[in-house]
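Visitor: Please pick a single part of this model and take me through it closely. I would like to know how it is built and what it touches.

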Amino acid sequence: MAEEFDAVVIGAGPGGETVASRLLAGGLRVALVERELVGGECAYWACVPSKTLLRPPEARAEAAGAAGLSTPEQHWPTLRDYRDHMIRHLDDTAQVDGYREQGATVVKATARITGRGPWRVEAGGRRLSAEHVVIATGSQAVRPPIDGLDRVETWTNREATTVREIPRRAVVIGGSAVGVELGQFLARMGSHVTLVQRGPRLLDREEPRLGELVGARLRGDGIDVRLGRQATTVRRDGADTVVELDDGSSVRTDVIVLGTGRRPRTAGLGLDAVGIEANAGGALDVDERCRVTDDGLWAVGDVTGTALFTHVAQYQARVVADTILGRPRRADYTAVPRVVFAQPEIAAVGLTTAQAGERNIDLATSELDLAASLARPWTFETEPTGTLGLLADRRRRVLVGAWAVAPLAGEWIHQAALAIRARVPLDVLLDGIAQFPTYSEAYLKAAERLDL
Ligand SMILES: Cc1cc2nc3c(=O)[nH]c(=O)nc-3n(C[C@H](O)[C@H](O)[C@H](O)COP(=O)(O)OP(=O)(O)OC[C@H]3O[C@@H](n4cnc5c(N)ncnc54)[C@H](O)[C@@H]3O)c2cc1C
Ligand SMILES: NC(=O)c1ccc[n+]([C@@H]2O[C@H](COP(=O)([O-])OP(=O)(O)OC[C@H]3O[C@@H](n4cnc5c(N)ncnc54)[C@H](O)[C@@H]3O)[C@@H](O)[C@H]2O)c1
């Protein structure tokens, strides 16, 4: 006999947890199936440990840049202990108990869909049946096809974020969010870092100018940034790993860190048995309500291949839960913030120039050097830097994009996010009053430079 539920949620990362909590609060009978740890990639091997590890080196550099302060000492074992505390020592007992107390049936096993009408799922020898199944299985690190990679010490985000000893040398492959954050962390902890990015610029989905500014900052941290390069072969030479690049050069290292993208986890889910196929990228295509099918199969988070962020997984989960609970919603991905937690923070929202071009938007852009225009950068640090870029639609007279590389940009980019999402008229922004002296003042100054 199958155990009956209103909903079975497969995967307990930020997407699955948010759906499950909301459905439980709505009075539904929920089974939550998780094969590793309740909290998912984000809580144990991604967002939480990486941001925990990045903060002390950031604070240290901030102190060094504030007048009259010396550089604080860095104590790796203490930071490592705090990281271990933040990732709950890879123990989710309290989370499992918490869901059970809320009335969920938590199954710690791999789930496989075995039938539909009603949906049937098998996990850990249990048979579950439900009107709704929500797939929230996330994504895993891509291993690029580099000859010899399997024979040397290679870290994905998992080994890098649970690092116990800082390697003396690291080659980071991939120059987007993972490569930039982990590369800067390792460099600031004393590793000699070489970052290999195959494209001509860092953070290649963002504005090219942003990539230039980030490259300069990483080089300032002593990182050897190799753009337009790929690793062709990797081999052992005594205690060293040697990474051969496609320009004929080679780099000796202790470890290779991969930041080469992620692939949705759909393999082994039993989708073919119920007539569902993942798309070419391995993701589940969903409609605007995050439905995979219209008979109760839903998907949220990285497995959908939509912007791979925790906040997007949680947003889709809210859309799904509300829709299941009888308050139908449609997902709107306008103005999702994209923050890389390097120092200074790298933040973007809305369209890039290339995306605006594809939409035939009559674009006005401006760029503001914050130190040349504002007081706050000078009260914040003795050698201030920072840049804000704005993109506006001349015809509609609204912002369509913004990006910044500056202290705290991950916080104040949200003003642009709200302005873009709410289509706040530029004339309202031009009449705005920001607190003096703040980084937020940059918006008025940059808006005044738009050639509207
Ligand atoms: C290094 C790094 C840093 C990041 N930092 C940030 C950040 O600062 N901010 C941000 O917004 N995003 C960040 N991200 C992205 C973020 O981690 C993901 O977008 C987020 O975890 C997606 O949530 P999810 O619920 O879709 O999947 P996941 O967190 O991957 O959770 C999916 C869960 O499903 C389980 N599962 C998979 N298959 C099965 C199965 N068959 N049966 C049962 N369980 C299964 C897995 O064990 C896992 O626990 C980062 C990513 C990386 C790699
Ligand atoms: N702060 C955050 O919110 C945060 C932090 C980390 C990761 N993430 C999310 O995790 C996801 C994965 O991040 P990511 O940086 O691993 O992937 P990504 O797909 O964003 O970027 C991968 C990069 O690696 C490069 N690359 C791929 N193969 C290569 C090769 N063989 N040699 C050299 N370069 C190569 C690509 O050109 C690309 O720039 C992203 O979608 C991101 O949204 C978010």
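Guide: What follows is a close look at domain 2, its two sheets, its ligand and its neighbour domain 3.

This is a predicted model: local features need pLDDT of at least 70, side-chain atom pairs count only at pLDDT 80 or more, and totals for chains, interfaces and linings use all residues. Residues are numbered from 1 along each chain as its sequence is written, with chains lettered from A and ligands numbered from 1 in the order in which they are written.

The protein chain is divided into three domains (the bounds come from an automatic or database domain assignment). Domain 1 is assembled from the segments 3-39, 92-140 and 263-324, domain 2 covers 149-260, and domain 3 covers 338-448.

Begin with the sheet of five strands. Helices (H or I, at least four residues) and strands (E, at least two) are DSSP runs numbered from the N terminus, and two strands pair if DSSP finds at least two bridges between them. The sheet is open, its strands pair in parallel, and their order is 8-15-9-10-11. At its edges are strand 8 (154-155) and strand 11 (224-227), each of which pairs on one side only. Strand 9 (residues 169-173) runs parallel to strand 15 (residues 255-258), and four bridges join them. In this pairing, Ala170 stands opposite Val255 of strand 15.

Helix 7 packs on this sheet, where it touches strand 9, strand 10 (192-197) and strand 15; two residues are in contact here if their C-beta atoms, placed from the backbone, lie within 7 Å. The direction of helix 7 makes about 165° with that of strand 10 (axes are lines fitted to C-alpha atoms, for helices over the stretch in contact, and angles run from 0 to 180 degrees between N-to-C directions).

A second open sheet has three strands in the order 12-13-14, and its pairing is antiparallel. Strand 12 (231-237) and strand 14 (250-253) are its edges; each has a single partner strand, so one side of each is left without a neighbour in the sheet. Neighbouring strands here are turned against each other by 20° on average, direction ignored. Strand 13 (residues 240-245) is joined to strand 14 by four bridges in the antiparallel sense. Thr241 has Thr253 in strand 14 as its bridge partner.

Now the ligand. Ligand 2 has 25 residues around it, and Gly174, Ser176, Ala177, Gly261 and Leu308 come nearest; a residue is near a molecule or strand if its C-beta atom, placed from the backbone, lies within 6 Å of it. Helix 7, strand 10 and strand 18 (338-340) are the elements that give two or more residues to this shell. Helix 7 gives the most, with four residues. By class, the shell has 11 nonpolar, 10 polar and four charged residues. In this count Ala, Val, Leu, Ile, Met, Phe, Trp, Tyr, Cys and Pro are nonpolar, Asp, Glu, Lys and Arg are charged, and the others, Gly among them, are polar. Domain 2 and domain 3 both give residues to the shell around ligand 2, so ligand 2 lies between them.

An unreviewed UniProt entry lists Gly174, Gly175, Ser176, Ala177, Val178, Gly179, Val180, Glu181 and Gly261 under "binding site". UniProt positions are given in the numbering used here, feature names are shortened, and annotations may be inferred rather than shown by experiment. The listed residues span 88 residues in sequence, yet no two of their C-alpha atoms are more than 13.5 Å apart, so they gather at one spot. One of them, Val178, lies in helix 7.

Last comes the neighbour. The C-alpha centres of domain 2 and domain 3 are 29 Å apart. In the contact between them, 11 residues of domain 2 meet 13 residues of domain 3. On the domain 2 side, helix 7 (177-188) and helix 8 (208-220) each supply at least two residues. That side has six nonpolar, one polar and four charged residues. For residues 336-446, the unreviewed UniProt entry gives the feature "domain: Pyridine nucleotide-disulphide oxidoreductase dimerisation". Over residues 336-446 the chain is 34% helix and 29% strand, with its end C-alpha atoms 21 Å apart.

Helix 7 thus recurs throughout: it packs on the sheet of five strands, gives the most residues to the shell around ligand 2, and supplies part of the side that touches domain 3.
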